[in-house]
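The following exercises ask the reader to work through a protein chain step by step. Please attempt each task before reading its solution.

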Amino acid sequence: MTLRMTGEQLALLRSGDPAARAKLERAARGREADARGKAWEHEIEKHLTVYGWLWSAVPKPTFVNGRMHGIPRGKKGVPDYLLTHPVRKVMCLRELKTGDAVLSKEQREWRDSLLASGVDWAVWHPNDREAIHRFIAGR
């Protein structure tokens with residue numbers, strides 16, 4: 001992975017300040033986690049499309065010049081994906097997680113309410129890849 005740094009980040013790194021170095025390392029780990037998350041999303045979306053699912057993903061906020069854009073409206077924590085299969089007559093909601101990520105308080109509130117309402121809701125994690133691919137393929 002190529003690490004790109006701004007002039008300010010390079011100056012912090014060269015300063016030898018341990019706190020600055022730790023901050024830069026945390027940022028790098030965050031970018032690596034984002035890349036893993038995007039790859040996992042892409043894999044799921046590809047399989048959903050191949051097997052005839054209709055799906056929609058909740059947009060993630062983006063940052064442009066330090067400002068957040070594309071913020072979803074409503075209560076935070078809504079599941080990442082709405083899935084439906086027109087032939088199998090299935091509708092479900094899925095939350096995708098990577099690494100050691102856990103549900104936030106808001107995501108747990110959504111989970112609890114959706115499950116209590118009888119909605120098919122689950123977390124999909126790369127460790128469960130084989131079972132997830134079987135579900136998507138209808139096996």
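**Exercise 1. A salt bridge within a helix**

Task: Determine how Glu130 and Arg134 are placed relative to each other in helix H4, and describe the contact between their side chains.

Solution. The model is a predicted one.
Step 1. Glu130 and Arg134 are 4 residues apart in helix H4 (residues 129–137), so about one helical turn separates them.
Step 2. A salt bridge requires a side-chain nitrogen of Lys or Arg within 4 Å of a carboxyl oxygen of Asp or Glu. The side chains of Glu130 and Arg134 form such a bridge, with an N to O distance of 3.0 Å.
Step 3. The accessibility classes follow from two cut-offs: under 20% is buried, over 50% is exposed, and values in between are partly exposed. Glu130 has a relative accessibility of 61% and therefore counts as exposed. Arg134 has 37%, so this residue is partly exposed.

**Exercise 2. A salt bridge between distant parts of the chain**

Task: State which parts of the chain are linked by the pair Lys75 and Glu109.

Solution.
Step 1. Lys75 and Glu109 form a salt bridge whose closest N and O atoms are 3.1 Å apart.
Step 2. Lys75 lies in the loop between strand S3 (67–69) and strand S4 (81–85), while Glu109 belongs to helix H3 (residues 105–116). The two residues are 34 residues apart, and the pair links distant parts of the chain.
Step 3. Lys75 is partly exposed because its relative accessibility is 48%. Glu109, at 33%, is likewise classed as partly exposed.
Step 4. A network of salt bridges connects Lys75, Lys105 and Glu109.
Step 5. For the chain, the count comes to 7 salt bridges. One of them joins Arg111 to Asp112, with the closest N and O atoms 2.8 Å apart.

**Exercise 3. The order of strands in a sheet**

Task: Establish which strands stand at the edges of the open sheet.

Solution.
Step 1. The chain has 4 helices and 6 strands, and along the sequence these follow the pattern α-α-β-β-β-β-β-α-β-α.
Step 2. An open sheet is formed by 4 strands in the order S1-S4-S5-S6, with mixed pairing.
Step 3. Strand S1 (54–57) and strand S6 (121–124) each have a single partner strand, so one side of each is left without a neighbour in the sheet; these are the edge strands.
Step 4. On average, neighbouring strands of this sheet are turned by 25° against each other, direction ignored.
Step 5. S1 and S4 run antiparallel and are joined by 4 bridges. Ala57 has Tyr81 in S4 as its bridge partner.

**Exercise 4. The surroundings of one residue**

Task: Which residues does Asp120 touch, not counting residues up to four places away in sequence?

Solution.
Step 1. Asp120 is located in the loop between H3 and S6.
Step 2. Beyond the excluded sequence neighbours, Asp120 touches Met91, Cys92, Leu93 and Arg94.
Step 3. The C-alpha atoms of Asp120 and Cys92 are separated by 4.8 Å, although these residues are 28 residues apart along the chain.
Step 4. The side chains of Asp120 and Arg94 make a polar contact at 3.0 Å.
Step 5. With a relative accessible area of 33%, Asp120 is partly exposed.

Methods:
Residues numbered from 1 in each chain as written. Predicted model: local features only at pLDDT ≥ 70, side-chain atom pairs only at ≥ 80, totals over all residues. Heavy atoms only, no water. Buried < 20%, exposed > 50% of the residue type's maximum accessible area, 1.4 Å probe, protein only. Pairing = 2+ DSSP bridges. Axes fitted to C-alpha atoms, helices over the stretch in contact; angles between N-to-C directions. Contact = heavy atoms within 4.5 Å. Polar contact = N/O pair within 3.5 Å; in protein donor to acceptor, adjacent residues only side chain to side chain.
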